[in-house]
Amino acid sequence: MLRWYFSAIDNQKLPPMKLLLIEDENNLAKDISTYLSSSNIHCEWVNTLNLALEKISAYEYDCILLDLTLPDGNGITILKELKKQQKNEGIIIISAKDTLESRLEGLQLGADDYLTKPFHIAELLARVHAVIRRKQFAGNNRLIINELEIDLLAKTLKVNQKNIDLTKKEFDLLLYLIGNKNRVLPKSSLAEHLSGDMADMLDNHDFVYAHIKNLKKKLSQAGAKDYIKTIYGTGYKWEV
Amino acid sequence: MGSINKQPQKLLHQTLRGYVGFAGLLLLLSIPFAYFLMQKLHVDDIDEALILRKKEFQAYHLPNFTLGEIPQWNKYNRDIKLIDTLQNLTKDSLLQQPFHDELDNEIEPYRVLYSPIRIEQKTFTLLVRQNLIENEDLIFNILGLYAGLLVLLLAGLFGLTQYFSRQLWKGFYDTLQQLETFELGKTDAPTFEETHIQEFERLNSVLQHLIQKSIAVFESQQEFIENASHELQTPLAVLQAKLDTFLQMPDLSQAQMQALDSLYDLLARLNRLNKNLLLLSKIDKLSFQNLENINLKTLIEKQVSFFEEQALQKNIRLEIDVLENVEIKTNHILIEIFVSNLLLNAIRHNHKNGLISISLKQNELQIGNTGQPFPLPENKLFRRFAKIDSSTQGNGLGLAIIKKIADLYRWSITYVMKNNLHTFTINFNKS
């Protein structure tokens, strides 16, 4: 059985994805779980290493969000434990440490992704989707929203059965918007998503506007509905 | 540091110069004394000889001397003659007198003894004379002698200086060399060699103390920056998450949205500042790991393709002229940051419809950009938080980071305003 990673998009009623959030900063954890829950992701939250170890031995998750610095130890222990138990959960490290060594250590021990604090929760959600997609999509990788049909592996878009030529950035932008559908995404979040590691270099997010404009134009020319809403110059929203 | 026209000199050469000056002056001043002394000795000696010859004459020749023998005597004796009585000559008289020398045809100085003498009841004068050393001969000889002395003295002093410099000052030069290679935060603290000279021993222990203290201060400063930046990351992450949640609230007004937007901007700046501070404190640590050969052309093209989008916003024209196969051995993270900071700088401080020119030659990268019409103050340029242009969003760390990386690898980085372009030139040849 396959499970859609953009849960509600295809209008099928699916059980929510289960996610374990291991984070000792209560404020942050609350905001993350609120944000994810509205994407049909069931979020369980623990704030210590020991509680986390109990949870992962007892239950299965689609994805684990792991903070490395925990009050009772290093999150790396959990990676080792998961490996020992031969579990196959998708793991995203969320850490304040951004040294190359800690990145490499985490990824080598089986983490799927590494996100440095601070980050946009929209970005986190996009990464969660990507990890689950990689873990669970076997063969089927098509996403259908009304007249749009997206091939996630081939990275192509069809509108009303007709191929639309998108640049890589436009395609990334489209997925990011859809993944965070019905939410306002600030320009800075979109800019960071598009520019990856270089994001913190930029002090001008205007280039996002150009990409959005092109994407909107291509969609409307192909006869798609106008899904992308501009919100008072603050950001954009994919509305369905 | 010496000024342009006055090079600093070695301490020993300074003392050597003192010695040489003193010895030279002493020798020079003593020349007249030596001259008069030698001349007096010479004259006294000659006077004695003249008197002796007079006595000889009186003892050996006078008793049997006849008047008729006088012309013959005078004919065969050039320097002891019998002449007519001089007036008022009642006793021996010694004088200095020039005579014409027929053989050499020149006037020669002579010491002359006139002595009254009686031959057959008739009074005559006995003239005994001897050639004196010429004054100039005496002076030349003395000068020659002194010159010889001076040369020997100098050679001796120079040799001794070299010897002392090598032996006595060895400890000092060792210390100096160690200090020259020492760099705070990069190399280990120097260990000075033991020396048997009290002053150097003191110098070494004071330096050791000073260095240990500087290292401690440096390390705690690095640690502080790193800890502070790390500690800031969590509240920044919370703030970011709160803003993201806040933004999702229904029925936000336009004014509220706009306030949120500017909060996002501020947060982005804070993040950038924090990351850059962390980076500054980390550069030294990064540098020693993972050195690899980096192809600068590939790197520049990759970075340019990223920044093209930013440049496009200001309609900035890019002129790129890069050489193939320029490689440098460095850390890839640092060189990426280095190049991207330079490019970002060139875009950030540019004006609309401006120009950025990038040229890469063997060992030399040059990035120039249009911008403000006046040259930037070079002394402030590379300092942390030195904002030159308050209108931009830069945090004043970009160039500080560039400078720090350049310093680390000893690349030289210079700034000039050239053809209306603010131009940074990096020479990768270790300086």
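Let's start at a loop: Pro71(A) sits between strand 4 (69-70) and strand 5 (73-74) of chain A. This is a predicted model, and the notes below go from single residues in chain A to the cores and cavities, and then to chain B. Chain A itself has 240 residues, with eight helices and 14 strands.

**The loop at Pro71(A)**
- With a relative accessibility of 60%, Pro71(A) counts as exposed, because the cut-off for exposed is over 50%.
- Leaving aside residues up to four places away in sequence, Pro71(A) touches Asp24(A), Asn47(A) and Thr48(A).
- One of these partners, Asn47(A), is 24 residues away along the chain, and its C-alpha atom is separated from that of Pro71(A) by 8.1 Å.

**Lys18(A) on a strand**
- You will find Lys18(A) in strand 1 (residues 17-22) of chain A.
- Is Lys18(A) buried, partly exposed or exposed? Its relative accessible area is 25%, so Lys18(A) is partly exposed, as that value falls between the 20% and 50% cut-offs.
- Beyond its sequence neighbours up to four places away, Lys18(A) is in contact with His42(A) and Glu44(A), and also with Tyr59(A), Glu60(A), Tyr61(A), Asp62(A) and Cys63(A).
- Lys18(A) and Tyr59(A) are 41 residues apart along the chain, and 9.8 Å separates their C-alpha atoms.

**Chain A as a whole**
- Of the residues in chain A, 55% are buried.
- Taking contacts in chain A between residues at least 6 apart in sequence, 62% join residues at least 24 apart.

**Nonpolar cores**
- The largest nonpolar core holds 58 residues, and those with the most contacts inside it are Ile32(A), Leu65(A), Ile150(A), Leu177(A) and Leu219(A).
- Helix 5 (residues 121-136) of chain A gives this core its largest share, eight residues.
- A second core, separate from that one, has 50 residues, including Val304(B), Phe307(B), Ile335(B) and Leu408(B).
- Which residues does Ile150(A) touch, not counting those up to four places away in sequence? They are Asn141(A), Arg142(A), Leu143(A), Ile145(A), Thr156(A), Leu157(A), Phe171(A), Leu174(A), Leu175(A) and Ile178(A).

**Cavities**
- There are two cavities of 30 Å³ or more.
- The second largest cavity encloses about 40 Å³ of space.
- Its lining is made by Lys216(A), Leu219(A), Ser220(A), Ala224(A), Lys225(A), Asp226(A), Tyr227(A) and Ile228(A).
- Helix 8 (residues 206-221) of chain A supplies three residues, the largest share of that lining.
- Leu219(A) appears twice in this briefing: it lines the second largest cavity, and it is among the residues with the most contacts inside the largest core.

**Glu309(B), in contact with chain A**
- Glu309(B) belongs to helix 7 (residues 296-313) of chain B.
- Its relative accessibility is 16%, so Glu309(B) counts as buried, the limit being under 20%.
- Not counting residues up to four places away in sequence, Glu309(B) touches Lys169(A), Phe207(A) and His211(A).

**Helix 1 of chain B**
- How does the span of helix 1 of chain B agree with its number of residues? Helix 1 (residues 11-61) has 51 residues, so at 1.5 Å a residue it should span 75 Å; the C-alpha atoms at its ends are 72 Å apart, which agrees.
- This helix bends by about 35° at Ile31(B), and a proline, Pro32(B), follows within four residues.

Technical notes:
Residues numbered from 1 in each chain as written. Chains lettered and ligands numbered in written order. Predicted model: local features only at pLDDT ≥ 70, side-chain atom pairs only at ≥ 80, totals over all residues. Heavy atoms only, no water. Helix = DSSP H or I, 4+ residues; strand = E, 2+ residues; numbered from the N terminus. Expected span 1.5 Å × (residues − 1). Bend = angle between axes of the 7 residues up to and from the residue. Core = buried A, V, L, I, M, F, W, Y, C linked by side-chain atoms within 4.5 Å. Buried < 20%, exposed > 50% of the residue type's maximum accessible area, 1.4 Å probe, protein only. Contact = heavy atoms within 4.5 Å. 1 Å grid on protein atoms, 1.4 Å probe; cavity = no way out; pocket = protein on both sides within 12 Å on 5 of 7 lines; lining within 4 Å. Points joined across faces, edges and corners; volume = space filled by probe spheres on them.
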